[in-house]
Every structure is written in C-alpha cells, then in structure tokens.
Amino acid sequence: MSDSTNPSTPAIVAAELIGTFWLVLGGCGTAVFAAIQVADGEAGALVPVGVGYLGVALAFGLTVLTGAYAVAHISGAHFNPAVSVGAAMSGRLPWSRLPLYIVSQVVGGLLAGTLIFVVASGKAGFEATGGMAANGYGAHSPDGYSLLSALIIEIVLTALFVWVILGATDGRAPVGFAPAAIGLTLTLIHLISIPITNTSVNPARSTAVAFFNGDGAPGQLWLFWLAPIVGALIAGALYEPLFGSRSRRAVPA
C-alpha cells in the first residue's frame, strides 16, 4: 500500500510504463499514421497531406502534458531516461531508483512501438522499413543532417528540456503549471529538430521504434542514448549551482 506522499514501487513502475507508452503511441503513432506524405508525380518531391511536422510536434507535447497531469503525483511523470538521469544528477531522484525508472520507460516504449507496428501492418502496402518514425543522422536524417549536427542539437535540446523541467518543478515556481510548460517545451523542441534527427531527446522513444524501422536506425541508436544523457547530465549538474533552491519537489514532473 502507498499514500499520496509515498507511492509504492509498483505504482511508480506502472505510471512510468503507461506514461511512456502513451508518449510513444501519441507521438510516433501520429508520425506513422497521420503525418502522411505523397509523391508529386511532376516534381518528384514529397508533399505532406496529413498533420505534418506541426501536428507531430503537438502530439508529443500533448502526450507529456496530459500524462504529467495524470501521474506526476505518482512517479514525477518522467517518461524519458534522460529526464530521470537529470533528476538524479540534480538530487531530486535517488540514483538507486534510476534503473527502475529507465527499465519501466523502455518497456513502455517498446510496447507502444509494437502496437504501432501491428496496427500499421494492417494497411495494404505498409512498409515498416524506414516508415516507423525512427531517429537518424546522415542518410537517415529527414533533411540529411550530419552526425555532428545531430549530436549537438540532441545534447543542447535535451539540456534545455531538463532545465525547463527542473525550473517548472522548483518549489518556487507557480504551482500547477509545470505540465503545460513541459508539454509546450517538448512541442517547440520538435518544431526545431524534426528535420534534423526526427527528434529524440528521449532514449526510450528512440528505442521503441528503431528495431521495427530497421534501415540503419538500430545502428544509430547509440547517439540517441548518448546525446540526451549527456545533455541531461549537464542540465542536472548546473541547475543547483546556478539557480539553487532548498525548497523543491523530490521528483520533477
């Protein structure tokens, strides 16, 4: 049993698993099912006829916003190994609990990736290879950005994302607005970086679809673990020295 101030371990696992499942289903599912592109027979270019980059960016932001309001009081609503690493680095999450969070998030993401693959396979002509919203660089970047570009943008955007999370959940911040600030930040991050890497800033999201996508995504997955974790460590290490607060929540939403 647990109370509102001390959730049980199963409750935390369930919150992180379901929340990450929701994030991947909502974000990657929108990219696979609704961000449709068709070939222009005359120009030979791909023309978006679905929700496009803006719709995908909003989908990711909305999943975090709604998920945080649903379970932030249980697990902190990380839904992202990088966020959990940043929380541990800043002293808001015990390092001993970090594996519990990361395993729950990866499992939730993989379950969502499996569901997207199964549903998408029900459409005639669907090809999973290169069609599962995987992250990538070089030839696998949406607009052909290099490994260095991908590394830089993923580190910087993850650091800023974790910085916003730590600030929005600081004990001095306005109460009740953290999920909105975090969801809008994730939306903005996607608007910036979908053309570069298809936006990760979340190793669980990247892992969730990489192996279904194939086409080089599994071999590039290392970058989408390394860069977000480096960014999270930077933000987690710098927040307290720069903005220090002794009044803060134990786990960020």
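Among contacts in the protein chain between residues at least 6 apart in sequence, what share joins residues at least 24 apart? It's 79%. Keep in mind that this is a predicted model. The chain has 253 residues, and 49% of them count as buried.

**Overall layout**
- You'll find 9 helices and 2 strands in the protein chain.
- Starting at the N terminus, the elements go α-β-β-α-α-α-α-α-α-α-α.
- About 11,100 Å² of the protein chain is exposed, with carbon and sulfur atoms supplying 71% of that area.

**Helix H2**
- H2 covers residues 52-75, so to speak 24 residues, and spans 32 Å from first C-alpha to last, close to the expected 34 Å.
- There's a kink of about 55 degrees in H2, centred on Tyr69.
- Right after H2 comes Gly76, with a positive phi near 95 degrees.

**Aromatic rings**
- The count of aromatic pairs comes to 4.
- Phe117 and Phe212 are stacked, because their ring centres sit 5.2 Å apart and their planes meet at 25 degrees, which is under the 30 degrees cut-off.
- Phe117 is in helix H4 (residues 98-120) and Phe212 is in helix H7 (residues 203-213), so this pair ties together parts 95 residues apart in sequence.
- Both rings belong to partly exposed residues: Phe117 has 29% relative accessibility, and Phe212 has 24%.
- Tyr137 and Trp222 make an edge-to-face pair, because their planes are at 75 degrees, with ring centres 6.4 Å apart.
- Tyr137 is in the loop between H4 and H5, while Trp222 is in the loop between H8 and H9, 85 residues away.
- Tyr137 is buried at 12% relative accessible area, whereas Trp222 is partly exposed at 42%.
- Trp163, Tyr239 and Phe243 form one aromatic cluster.

Definitions and conventions. Residues numbered from 1 in each chain as written. Predicted model: local features only at pLDDT ≥ 70, side-chain atom pairs only at ≥ 80, totals over all residues. Heavy atoms only, no water. Helix = DSSP H or I, 4+ residues; strand = E, 2+ residues; numbered from the N terminus. Expected span 1.5 Å × (residues − 1). Bend = angle between axes of the 7 residues up to and from the residue. Buried < 20%, exposed > 50% of the residue type's maximum accessible area, 1.4 Å probe, protein only. Contact = heavy atoms within 4.5 Å. Areas by Shrake-Rupley, 256 points an atom, 1.4 Å probe, with all protein chains shown as cover. Phe/Tyr/Trp six-rings, centres within 6.5 Å; stacked < 30°, edge-to-face > 60°.
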